[in-house]
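Here is a set of short questions and answers on one structure. Each answer works towards a name or a value.

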Amino acid sequence: MKKIFVTGADGFIGSNLVEKLLRKNYKVIALSYYNSFDDTGWLKYFDKKLVKNLKIISGDIRDFNFINDIVKQSDIVIHLAALIGIPFSYKSVKNYMDVNITGTYNVLEASKNNKIKKLIITSTSEVYGSAQKLPINEAHPLNAQSPYAATKIAADQLSLSYHKAYDLPVTIIRPFNTFGPRQSMRAVIPNIINQFLKNKNKIFLGSIDTFRDFNYIEDIVEGYIKVIKTKNKKIFGEQINLGTNKTYSIKEIVNIISLISKKKIILIKNKKERLRPKNSEVTKLLASNKKARKLIGYSPKIVSKKSLSSALKKTFDWYKTNQNLPIFKNAHYVE
Ligand SMILES: NC(=O)c1ccc[n+]([C@@H]2O[C@H](COP(=O)([O-])OP(=O)(O)OC[C@H]3O[C@@H](n4cnc5c(N)ncnc54)[C@H](O)[C@@H]3O)[C@@H](O)[C@H]2O)c1
């Protein structure tokens, strides 16, 4: 079985992907971000029975030699490590450049050096900015409305250039907003859920009239698996949206979660400090997933409003039944 190196494996999407790969008997080398507490993020909660094919290595994506040494041991590389918070990107631009751009350069260069057979780079729907044409397909103009988006565009373009210049077998996967178990509390859906769980009837949010194409984590993980498994060489040098082709406002999401939690909201308060600067706010995202359907046979399951509600219910129950509130900086994100 092929050995797959996953960066960002300690995080939300990465850990869900690694878990699925292990269940499918792949051998996985998982990068967890080095820290002095020997904390491997979500990887430390994995079932003991599952980890026989898992090797966890702690380190930093910014360190070329370190990354090159791991890539050398791998057949396929999946790059997810990144700084992803938009508000934090306003404050820490240089850090975002180092992790998101230089980090991606390290993965590209190491994959080129070691003649990797397949490299998957993770992009984001934020690279498109507010939709100029709907649905957003891969030809939509790129428009960085935050430093985060700018660093992801740079990383994507560098990746495409490695395909054109060196024939590197690289594919860019572009997930639209993803939700599900293990997502950090700073993201909007866990944040809303946890405000409800804290017995609040006043929900504090940023803009509630923005629209997003929300994807359940299991569908996104399936998208990665399809790219890993496909023998279709046409995926190389391509950017592929992973989305549902549906969009919901934050207000609608609050209403669905209110029904799930059986709690009425008295007020949704737009909080000034939660709003993005006016020109930085992305008002609407709605993916065209035509290319993903064609190239990799992508077919997300959580698309209808009914299935979205049941995925939100699963997510709600996960936050409710796991002892997650203390794991995250709950008090920091949920007033
Ligand atoms: N969550 C979403 O809705 C979403 C949507 C589109 C794209 N993405 C992309 O998916 C990827 C994963 O995002 P996520 O939602 O799982 O976020 P996450 O923050 O849970 O995961 C990112 C991981 O990167 C690791 N990391 C950060 N800096 C590092 C460094 N210097 N060295 C090594 N590791 C480092 C962190 O430890 C973290 O676990 C990112 O590339 C993100 O841009 C996420």
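Q: Which backbone oxygen does the side chain of T247 reach at 3.2 Å?
A: This is a predicted model. T247 sits in the loop between β11 (239-242) and β12 (248-249). Its side chain reaches, at 3.2 Å, the backbone oxygen of R212.

Q: Which backbone oxygen does the side chain of T247 reach at 2.9 Å?
A: Beyond neighbours within four places in sequence, T247 is in contact with F211, R212, D213, K284, L285 and L286. One of these supplies the backbone oxygen at 2.9 Å from the T247 side chain: L285.

Q: Which residues come nearest to the ligand?
A: The shell around the ligand has 12 nonpolar, nine polar and four charged residues. Helices α1 (12-23) and α5 (147-166) each supply at least two residues of that shell. Of the 25 residues around the ligand, the nearest are D10, F12, I13, Y148 and K152.

Q: How much of the ligand's area does the protein bury?
A: Start with the polar atoms. Ligand oxygen lies 3.1 Å from a polar backbone atom of G11 and 2.8 Å from one of F12. A polar side-chain atom of Y148 is 2.6 Å from an oxygen atom of the ligand. Taken alone the ligand exposes 820 Å², and the protein buries 89% of that.

Q: Why is helix α6 largely enclosed by the rest of the structure?
A: Helix α6 covers residues 188-197. Its buried residues are I189, P190, N191, I192, I193, N194, Q195 and F196. The helix is largely enclosed because the buried count, out of 10 residues, is eight.

Q: What span does helix α10 reach from its first C-alpha to its last?
A: Helix α10 (residues 305-321) has 17 residues. Its buried residues include L308, A311, L312, F316 and W318. At 1.5 Å a residue the expected span is 24 Å, and the model comes close to that, at 24 Å.

Q: Is D39 buried, exposed or partly exposed?
A: D39 lies in the loop between β2 (27-33) and β3 (54-59). Buried would need under 20% relative accessible area, and exposed over 50%. D39 has 33% relative accessibility, so it counts as partly exposed.

Q: What is the length of the polar contact that joins the side chains of D39 and K44?
A: Leaving aside neighbours within four places in sequence, D39 is in contact with S32, Y33 and K44. The D39 side chain also reaches the backbone nitrogen of G41 at 2.8 Å. The polar contact between the side chains of D39 and K44 is 2.7 Å.

Q: How many Å separate the C-alpha atoms of D39 and L108?
A: Along the chain, D39 and L108 are 69 residues apart. In space, their C-alpha atoms are separated by 27 Å.

Q: Where is P135 found?
A: The peptide bond from L134 to P135 is cis, with omega near -10°. P135 itself is found in the loop between β5 (118-122) and α5.

Q: Is D38 buried or exposed?
A: D38 lies in the loop between β2 and β3. Its phi is near 60°, a positive value in a residue other than glycine. With 66% relative accessibility, D38 counts as exposed.

Q: What is the relative accessible area of K262?
A: K262 lies in the loop between α8 (250-261) and β13 (267-270). Its phi is positive, about 60°, although K262 is not a glycine. K262 is exposed, with a relative accessible area of 76%.

Technical notes. Residues are numbered from 1 along each chain as its sequence is written. This is a predicted model: local features need pLDDT of at least 70, side-chain atom pairs count only at pLDDT 80 or more; totals for chains, interfaces and linings use all residues. Side-chain values use heavy atoms; hydrogens and water are left out. A residue is near a molecule or strand if one of its heavy atoms lies within 4 Å of it. A polar contact is a pair of N or O atoms within 3.5 Å; within protein, one must be able to donate a hydrogen and the other to accept it, and residues adjacent in sequence count only if both atoms are side-chain atoms. Accessible areas come from the Shrake-Rupley method with a 1.4 Å probe; for residues, only the protein chains shown count as cover. Helices (H or I, at least four residues) and strands (E, at least two) are DSSP runs, numbered from the N terminus. Ala, Val, Leu, Ile, Met, Phe, Trp, Tyr, Cys and Pro count as nonpolar, Asp, Glu, Lys and Arg as charged, and the others, Gly among them, as polar. Buried means under 20% relative accessible area, exposed over 50%, partly exposed in between (1.4 Å probe, protein chains only). Contact means heavy atoms within 4.5 Å. The expected span of a helix is 1.5 Å times one less than its number of residues.
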